[in-house]
Amino acid sequence: MKRIISIMLAAVLILSVFSGCAAKTEKENENAKLSVVATIFPIYDWVKNVAGEDIHIDLTILLNNGADLHNYQPTADDIIKISTCDVFIYVGGESDKWVEDTLESAQNKNMKVVNLMDVLGDSAKEEELVEGMQGEEEEEEKGEEGPEYDEHIWLSLNNAEKCVDAVAKTFAEVDEEDASSFYANAKTYNDSLVSLDVKYGEAVKNAKNKTLLFGDRFPFRYLTDDYGLKYYAAFVGCSAESEASFETISFLSGKVDELNLKYVMTIDGSDKKIANTIIQNTKSKNQKILTLDSMQSVSETSIKNGTTYLSVMESNLAVLQEALS
């Protein structure tokens with residue numbers, strides 16, 4: 001991978017020179033104070049809020065066409081953007097293994113790099129196989145080598161606050177002149193996160209049911225742990241599996257009956273096949289399907305239409321309230 005990335009970077013730079021358009025340095029937009037590259041949508045939206053409207057930055061999101069974090073690989077253009085930016089921010093989980101080689105080939109040696117899993121430190125959680133969940137041979141082998149951490153850190157509002165603070169601190173180090181603005185913007189935004197966190201807590205506190213059942217992958221461990229919710233699911237959050245075994249379907253259907261659940265959950269992008277099969281194997285066969293948005297593949301169109309991290313988490317709260325009713 002390292003060799004491939006180095007070759008891609010060299011090729012693009014050579015083509016730029018021969019075309020008479022030499023690769024630009026840190027900022028494609030010369031009026032921008034900072035050039036920032038964010039891998040996924042939640043990071044992109046946090047950066048926008050920390051920068052605010054008064055400080056112009058050149059901001060790039062890499063996964064902007066609905067691509068999934070788990071199977072993303074950088075293009076030559078992506079590598080150039082990362083190579084020349086001032087600040088690069090990424091999750092730092094298993095899906096970001098490509099980052100290390102990309103950074104080794106970076107042109108800008110003064111680049112600030114923010115690994116959000118490192119920011120969380122001990123708050124990062126290992127993936128877990130709960131009762132009834134279908135494992136994978138590959139995952140079990142990784143478990144023998146050492147723990148694999150759940151990379152869906154953005155689905156916790158508490159984690160989001162820590163990440164926003166880390167973004168503000170990094171920006172302040174690169175642009176000392178605007179440091180006070182970055183910190184003020186971060187505080188204002190974090191106040192909104194805290195307010196929404198309180199609403200989540202109240203919703204769970206007032207709920208009669210405190211268990212979610214997913215006929216799908218489960219990337220919401222950080223969220224459920226934040227509020228003391230219990231969960232069952234077909235697969236872990238990063239699973240590549242798409243077909244559930246008879247044993248998994250049977251167990252989850254039995255849990256729906258046992259707990260008298262009215263809803264079976266899925267995540268965004270699901271074909272709902274497993275959820276429907278679970279429902280068809282319950283006694284009443286009349287449960288409804290609800291979807292929580294994991295923000296793993298947000299399209300550029302959605303962003304342009306006004307989708308924000310907060311708006312998605314607010315929508316998820318409404319879904320959660322219905323699921324726990």
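Good morning. I shall begin with helix H13, residues 309-323. Its 15 residues should span 21 Å at 1.5 Å a residue, and its end C-alpha atoms are indeed 21 Å apart, so the expected and the modelled lengths agree. Please keep in mind throughout that this is a predicted model.

Within H13, the buried residues are Tyr309, Leu310, Val312, Met313, Asn316, Leu317, Val319, Leu320 and Ala323. Tyr309 also appears in another context: together with Trp46, Phe88 and Trp154, Tyr309 is among the residues with the most contacts inside the largest nonpolar core, which has 85 residues. A second core, separate from that one, consists of 13 residues and includes Ala234, Leu261, Ala275 and Ile278.

Let me stay with phenylalanine 88 for a moment. Which residues does phenylalanine 88 touch, not counting residues up to four places away in sequence? They are Val37, Thr39, Leu62, Ile82, Trp98, Val99, Leu103, Met111, Lys112, Val113 and Val114.

I turn next to helix H7, residues 157-174. This helix has 18 residues, and the distance from its first C-alpha to its last is 26 Å, close to the 26 Å expected at 1.5 Å a residue. At the start of H7, a side-chain oxygen of serine 156 comes to within 3.2 Å of the backbone nitrogen of asparagine 158. The buried residues of the helix are Leu157, Asn159, Ala160, Glu161, Cys163, Val164, Ala166, Val167, Ala168, Thr170, Phe171 and Ala172.

One of these deserves a closer look: glutamate 161, found in H7. Although buried, glutamate 161 has no salt bridge. How far away is the nearest side chain of opposite charge? That side chain belongs to lysine 162, and the distance is 8.8 Å. Leaving aside neighbours within four places in sequence, glutamate 161 is in contact with Asn190, Leu193 and Val194.

Finally, I would draw attention to two loop residues. Lysine 285 lies in the loop between helix H11 (273-280) and strand S8 (288-292). Its phi is near 55 degrees, a positive value in a residue other than glycine. Methionine 295 is placed in the loop between S8 and helix H12 (300-304). Here phi is near 60 degrees, again positive in a residue other than glycine.

Are these residues buried, partly exposed or exposed? Lysine 285 counts as partly exposed because its relative accessibility is 43%. Methionine 295 has a relative accessibility of 1%, and therefore counts as buried.

Thank you for your attention.

Technical notes. Residues are numbered from 1 along each chain as its sequence is written. This is a predicted model: local features need pLDDT of at least 70, side-chain atom pairs count only at pLDDT 80 or more; totals for chains, interfaces and linings use all residues. Side-chain values use heavy atoms; hydrogens and water are left out. Helices (H or I, at least four residues) and strands (E, at least two) are DSSP runs, numbered from the N terminus. The expected span of a helix is 1.5 Å times one less than its number of residues. Buried means under 20% relative accessible area, exposed over 50%, partly exposed in between (1.4 Å probe, protein chains only). A polar contact is a pair of N or O atoms within 3.5 Å; within protein, one must be able to donate a hydrogen and the other to accept it, and residues adjacent in sequence count only if both atoms are side-chain atoms. Lys and Arg count as positive and Asp and Glu as negative; His and the chain ends are not counted. A salt bridge is a side-chain nitrogen of Lys or Arg within 4 Å of a carboxyl oxygen of Asp or Glu. Contact means heavy atoms within 4.5 Å. A nonpolar core is a set of buried Ala, Val, Leu, Ile, Met, Phe, Trp, Tyr and Cys residues joined through side-chain atoms within 4.5 Å.
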